[in-house]
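Got your viewer open? Load the model, keep the selection box handy, and let's take a walk through it.

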Amino acid sequence: MSLFAAVAMAPRDPILGLNEQFNADPNPSKVNLGVGVYYDDNGKLPLLACVAAAEAQMQAAPKPRGYLPIDGIAAYDSAVQGLVFGADSEVLKAKRVATVQALGGTGGLKIGADFLKRLNPGATVLISDPSWENHRALFTNAGFPVETYPYYDAANRGIHFDGMLGALNAAAAGTVVVLHACCHNPTGYDLTPAQWAQVVEVVKAKGLVAFLDMAYQGFGEGIAEDGAVIQQFLAAGLDFFVSTSFSKSFSLYGERVGALSVVCASAEEATKVLSQLKIVIRTNYSNPPTHGAQVVATVLSTPALRAQWEEELAGMRVRIKQMREALVAELKAAGITDDLSYVIRQKGMFSYSGLSAEQMQRLRTEFGVYGVDSGRICVAALNSKNLKPVAAAIAAVKRG
Ligand code: PLP
């Protein structure tokens with residue numbers, strides 16, 4: 001009997017499975033809208049000019065690659081803090097935030113989850129229904145029972161806000177609530193500032209622990225607008241968690257650049273929390289890699305590169321919005337009379353198209369248009385060339 005004879009085959013990652021199916025499809029006009037990646041109008045993954053410029057600077061003065069500190073590059077951590085909390089914010093002046101470099105947004109969530117498990121082992125974690133599929137797995141693997149709060153309201157093409165508030169109100173003190181700070185994945189529906197205010201109130205009143213996942217800052221309305229929810233949590237005087245990802249906003253997916261920030265009640269607490277986060281990191285992967293974080297730190301702290309980044313990020317955001325509008329216009333031109341304004345209201349890279357699993361399957365098999373069976377399509381993978389055929393395919397499956 002071999003050591004691994006009893007190992008069962010794990011289920012395939014549904015999105016990666018979709019990619020494999022896409023790659024094997026011989027249809028020359030196939031379009032992959034299943035991905036969670038921003039492509040430019042030529043259907044290419046962009047290398048941002050600000051990133052190339054930072055890398056050129058780094059190459060001009062190459063440095064040896066020693067180990068980084070466990071919590072990462074100090075200039076990177078403080079650039080992340082400035083971006084997330086506002087460079088002049090009181091909370092930073094008071095040194096109340098513990099920030100560590102992490103392996104992408106996923107790494108930030110995982111460090112936070114492992115720390116929370118030590119802090120409050122009996123807690124339950126609530127995620128949105130639906131949510132980014134890795135939220136459940138990640139918090140489950142960290143040892144938490146994971147439940148959901150209502151979020152998507154299919155009938156009204158929006159958020160089931162009463163249901164969400166009800167679930168938060170009913171949660172036990174100490175429950176960890178994972179919230180998408182902006183550009184909700186997968187639905188694209190975000191809370192309004194007034195709705196956020198109510199969420200903040202319940203989190204405070206019920207003693208819940210907010211964990212804000214910020215994977216798309218700058219893809220919704222703008223860097224400050226997308227980060228505004230953080231200011232609401234700060235104003236309420238709450239302690240909370242924020243994970244940051246630069247995978248999308250810097251188009252640095254493979255460099256694994258992210259962070260975890262923990263807002264604490266005092267500088268003393270933040271120092272202690274940081275010491276615990278470092279243990280979590282040390283016993284997982286010891287210390288983070290150098291390249292991607294150095295690129296991001298250089299861009300964020302060099303005024304000309306930062307301005308260039310903000311412009312390039314705005315370019316991605318505007319192109320996605322144009323694709324939303326163009327998709328709706330094409331569907332109308334194809335005779336679809338449904339109210340499709342929700343596609344334009346949605347924020348970020350994704351649209352919950354409202355198509356059924358059966359319609360999504362028809363899109364794949366009959367038209368080579370690949371999206372997720374939940375109806376999620378990546379609007380950031382639409383471009384001026386594939387838009388018309390995709391709209392024609394969607395119109396055809398909508399007509400039945
Ligand atoms: N959180 C959400 C909501 C996401 O959609 C993603 C990526 O798709 C992540 C976190 C993970 O980001 P990263 O690739 O930086 O780990």
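How many of the seven residues of strand E2 (residues 97-103) are buried? Select that strand and have a look around: six of the seven are, so E2 is largely enclosed by the rest of the structure. Keep in mind as you go that this is a predicted model.

**Next door to E2.** Now add strand E10, residues 257-263, to your selection. E2 and E10 pair in the antiparallel sense, over seven bridges. To see one of these pairings, click on Leu 103 in E2 and then find Val 257, its bridge partner in E10.

**On to the ligand.** Which residues surround the ligand? Select Gly 36, Gly 104, Gly 105, Thr 106, Trp 132, His 180, Asn 185, Asp 213, Ala 215, Ser 245, Ser 247 and Gly 258, and you have the shell. Try colouring these residues by type: two are nonpolar, nine polar and one charged. Then highlight helix H5 (residues 104-119), which gives the most to this shell, with three residues.

**Strand E9.** Select residues 240-245 and pick out Ser 243, which sits in this strand. Is Ser 243 buried or exposed? It's buried, because 27 other C-beta atoms lie within 10 Å, and 20 or more is enough to count. Now draw a distance from Ser 243 to Val 273: the two are 30 residues apart in sequence and 15 Å apart in space, C-alpha to C-alpha.

**Helix H3.** Jump to residues 74-85. This helix has twelve residues and reaches 16 Å from its first C-alpha to its last, close to the 16 Å expected at 1.5 Å a residue. Its buried residues are Tyr 76, Asp 77, Ala 79, Val 80, Gln 81, Leu 83, Val 84 and Phe 85. Step just past the end and you'll meet Gly 86, whose phi is positive, near 95°.

**Helix H15.** Select residues 357-367 and show the buried ones: Met 360, Leu 363 and Arg 364. Turn the view so you look down the axis of H15; the buried residues fall within an arc of 90°, so they line one face of the helix. Glu 358, Thr 365 and Glu 366, on the other side of H15, are exposed.

**Zooming out.** Finally, select residues 29-394. An unreviewed UniProt entry annotates this stretch as "domain: Aminotransferase class I/classII large". The span is 47% helix and 15% strand, and its end C-alpha atoms lie 15 Å apart.

How values were computed. Residues are numbered from 1 along each chain as its sequence is written. This is a predicted model: local features need pLDDT of at least 70, side-chain atom pairs count only at pLDDT 80 or more; totals for chains, interfaces and linings use all residues. Helices (H or I, at least four residues) and strands (E, at least two) are DSSP runs, numbered from the N terminus. The expected span of a helix is 1.5 Å times one less than its number of residues. A residue is buried if 20 or more other C-beta atoms lie within 10 Å of its own, exposed if 12 or fewer, and partly exposed in between; C-beta atoms are placed from the backbone. Two strands pair if DSSP finds at least two bridges between them. UniProt positions are given in the numbering used here, feature names are shortened, and annotations may be inferred rather than shown by experiment. A residue is near a molecule or strand if its C-beta atom, placed from the backbone, lies within 6 Å of it. Ala, Val, Leu, Ile, Met, Phe, Trp, Tyr, Cys and Pro count as nonpolar, Asp, Glu, Lys and Arg as charged, and the others, Gly among them, as polar. The arc is that of the directions from the helix axis to the C-beta atoms.
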